[in-house]
Amino acid sequence: MSSLSQRSSGLVQRRTEASRSAAAGRERAADEEEPESRRSEEEDPEGDSKETRLTLMEEVLLLGLKDREGYTSFWNDCISSGLRGCMLIELALRGRLQLEPCGMRRKSLLTRKVVCKSDAPTGDMLLDEALKHVKETQPPETVQSWIELLSGETWNPLKLHYQLRNVRERLAKNLVEKGVLTTEKQNFLLFDMTTHPLTNSTVKQRLVKKVQEGVLERWVNEPQRMDKRLLALLFLAHSSDVLENAFAPLLDDQYDLAMKRVRLLLDLDPEVEASRSGANELLWAVVATFTK
């Protein structure tokens, strides 16, 4: 009987130790998860949900859309090429594209070719379509050539298949899925047109505020210290002729200061900026294409 009681007490002791170790393991796991959640909060201070994280293309389109009417200005002929520039920079920032090495002769940004760094899917159909074109094209093309090819601005009928069609409509549908826009039909006398009026004004206001603060309260004199996405957004919004929409609500003094700082950015030498430590060369190659 004494041996039986010893065995049972030993079993209870082992079970107690096992439960203690399991509890300790759960505590360690909780401790490990906590910094991760803290990191994600630091990375996303505004608490955006996944549905409202926008790509550069979506941000530029949203700045260009009229809130109530749900379409871009009929007179804006810059946004098409601007959106293609957004795609190249978005792919570069995601580590999918880069420029070829400059070589011993120090090729300029406009003469260096775009090469595929990684063909991993991005989860965005437009980006993956553009990435596929770049990856499969030999010999590779320059940034300027890709903006023209993806826009369909080529005289070579053999290269018309590179054109990305219905880009604005596809981007607008992405924004509808993210709950930012809605879809309506409007009658324009001779024809009906699908429009996408704004439904989530908070997302648009946050975007406008980010652009405004980037050249006002949070302005830094050194572009290399600026957030690369914000820097790209300022350049591409200007190239797409939609930056004015973000500055329209500003007071006169604020507007003058914002435009002065935008001009400072536009006056930068992309070749010099691309050579700085930590710079994204493809971003500056797109800037050089639009500002040359």
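## Worked exercises on a predicted model

Asp 241 sits in the loop between H8 and helix H9 (243-247). Keep in mind that this is a predicted model.

**Exercise 1.** Work out how far apart Asp 241 and Asp 77 are in sequence and in space, and which residues Asp 241 touches.

*Solution.* Start with the sequence: Asp 241 and Asp 77 are 164 residues apart. Now go to space, where their C-alpha atoms are 8.6 Å apart. Finally, list the contacts of Asp 241, skipping residues up to four places away in sequence: you get Asn 76 and Cys 78.

**Exercise 2.** Classify the crossing of helices H4 and H6, then sort the residues of their contact by type.

*Solution.* Take the axes of H4 (residues 125-136) and H6 (residues 167-177): they come within 10 Å and cross at roughly 140°. Roughly antiparallel would need an angle over 145 degrees, and roughly perpendicular runs from 65 to 115. That makes H4 oblique to H6. Next, pick out who makes the contact: Met 125, Leu 126 and Glu 129 on the H4 side, with Val 167, Arg 170 and Leu 171 on the H6 side. Sorting these gives four nonpolar, two charged and no polar residues.

**Exercise 3.** Find the two aromatic pairs, and give the geometry and burial of each.

*Solution.* Begin with Trp 146 and Tyr 162. Their ring centres are 5.3 Å apart and the planes stand at 85°, so this pair is edge-to-face. Trp 146 belongs to helix H5 (residues 143-151), while Tyr 162 is in the loop between H5 and H6, so to speak 16 residues along the chain. For burial, the cut-off is under 20% relative accessible area. Trp 146 has 0% relative accessibility, so it counts as buried; Tyr 162, at 11%, counts as buried too.

Now the other pair, Phe 235 and Trp 284: 5.6 Å centre to centre with 70° between the planes, again edge-to-face. Phe 235 is in helix H8 (residues 228-239) and Trp 284 in helix H12 (residues 281-291), so the pair ties together parts 49 residues apart in sequence. Both Phe 235 and Trp 284 are buried.

**Exercise 4.** Which residues have the most contacts inside the largest nonpolar core, and what does Val 143 touch?

*Solution.* The core first: the largest one has 72 residues. The residues with the most contacts inside it are Leu 63, Leu 88, Val 143, Phe 247 and Leu 282. Then zoom in on Val 143, leaving out residues up to four places away in sequence: Val 143 touches Leu 88, Leu 99, Arg 112, Val 114, Leu 282, Ala 285, Val 286 and Thr 289.

Note on methods:
Residues numbered from 1 in each chain as written. Predicted model: local features only at pLDDT ≥ 70, side-chain atom pairs only at ≥ 80, totals over all residues. Heavy atoms only, no water. Axes fitted to C-alpha atoms, helices over the stretch in contact; angles between N-to-C directions. Helix = DSSP H or I, 4+ residues; strand = E, 2+ residues; numbered from the N terminus. Parallel < 35°, antiparallel > 145°, perpendicular 65-115°, else oblique. Contact = heavy atoms within 4.5 Å. Nonpolar A, V, L, I, M, F, W, Y, C, P; charged D, E, K, R; others polar. Core = buried A, V, L, I, M, F, W, Y, C linked by side-chain atoms within 4.5 Å. Buried < 20%, exposed > 50% of the residue type's maximum accessible area, 1.4 Å probe, protein only. Phe/Tyr/Trp six-rings, centres within 6.5 Å; stacked < 30°, edge-to-face > 60°.
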